[in-house]
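Me: I am new to this structure and should be grateful for a close look at a single part of it. Please describe that part in one connected account.

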Amino acid sequence: LDTRERIFEVALREFRAVGVAAAQVDRIARSAGVARGTFYFHFPTKDDVLLELAARVSARIARRIALVGESAPTLRELLGRVTDAITDEHGRVG
């Protein structure tokens with residue numbers, strides 16, 4: 001899991017620096033201190049890194065929405081908090 005997380009973080013940095021299309025698996029693997037094959041073991045494609053990111057963002061949003069629902073807010077408050085959660089979490093991604 002540590003290796004997967006390291007590859008994930010390095011890949012995101014690479015994507016932010018040069019874009020997904022220009023990102024190179026060799027460069028990601030080298031920066032993460034792993035072999036190219038290790039990258040592919042954890043993420044079959046660069047798109048799988050993005051799918052992992054989307055899943056993590058969605059899970060964080062869902063957790064925040066669940067917490068909001070526990071306080072029985074009005075519909076306006078609920079929608080405001082949901083919007084804030086989505087905006088905040090997507091803003092963290094950059």
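Reply:
**A buried glutamate and the first helix**

With a relative accessibility of 4%, Glu-89 counts as buried, since the cut-off for that class is under 20%. The model in which this is seen is a predicted one. Glu-89 belongs to helix α5, which covers residues 75-93. Setting aside residues up to four places away in sequence, Glu-89 touches Val-57, Arg-60, Ile-61 and Arg-64.

The close look now turns to helix α1. This helix covers residues 2-18, and its 17 residues should span 24 Å at 1.5 Å a residue. The C-alpha atoms at its ends are 24 Å apart, so the expected and modelled spans agree. After α1 comes Gly-19, which has a positive phi, near 90°.

Several residues of α1 are buried, namely Ile-7, Phe-8, Val-10, Ala-11, Leu-12, Glu-14 and Phe-15. A general point helps in reading such a list: an α-helix has 3.6 residues a turn, so residues three or four places apart point the same way. Ala-17 also lies in α1, but Ala-17 counts as exposed because its relative accessible area is 63%, and the cut-off for exposure is over 50%. Between the C-alpha atoms of Ala-17 and Asp-48, which are 31 residues apart along the chain, the separation is 18 Å.

The largest nonpolar core has 19 residues, and those touching the most other members are Ile-7, Phe-15, Ile-28, Phe-39 and Val-49. Two or more residues of this core are given by each of α1, α2 (25-32) and α4 (46-70). The largest share, 6 residues, comes from α1. Ile-7 illustrates the contacts made from this helix: apart from its neighbours within four places in sequence, Ile-7 is in contact with Ile-28, Ala-32, Val-34, Thr-38, Phe-39, His-42 and Phe-43.

The pairing of α1 with α2 completes the account. The axes of these two helices come within 9 Å and cross at roughly 130°. Helix α1 is therefore oblique to α2. The crossing of α1 and α2 is right-handed. On the α1 side, the residues that meet α2 are Arg-6, Ile-7, Val-10, Ala-11, Glu-14, Phe-15 and Val-18. Their partners in α2 are Arg-27, Ile-28, Ser-31 and Ala-32. Ile-7 thus appears in this meeting of helices, and Ile-7 is also named among the core residues that touch the most other members.

Key. Residues numbered from 1 in each chain as written. Predicted model: local features only at pLDDT ≥ 70, side-chain atom pairs only at ≥ 80, totals over all residues. Heavy atoms only, no water. Helix = DSSP H or I, 4+ residues; strand = E, 2+ residues; numbered from the N terminus. Expected span 1.5 Å × (residues − 1). Buried < 20%, exposed > 50% of the residue type's maximum accessible area, 1.4 Å probe, protein only. Core = buried A, V, L, I, M, F, W, Y, C linked by side-chain atoms within 4.5 Å. Contact = heavy atoms within 4.5 Å. Axes fitted to C-alpha atoms, helices over the stretch in contact; angles between N-to-C directions. Parallel < 35°, antiparallel > 145°, perpendicular 65-115°, else oblique. Left-handed = near helix turned anticlockwise from the far one by under 90°.
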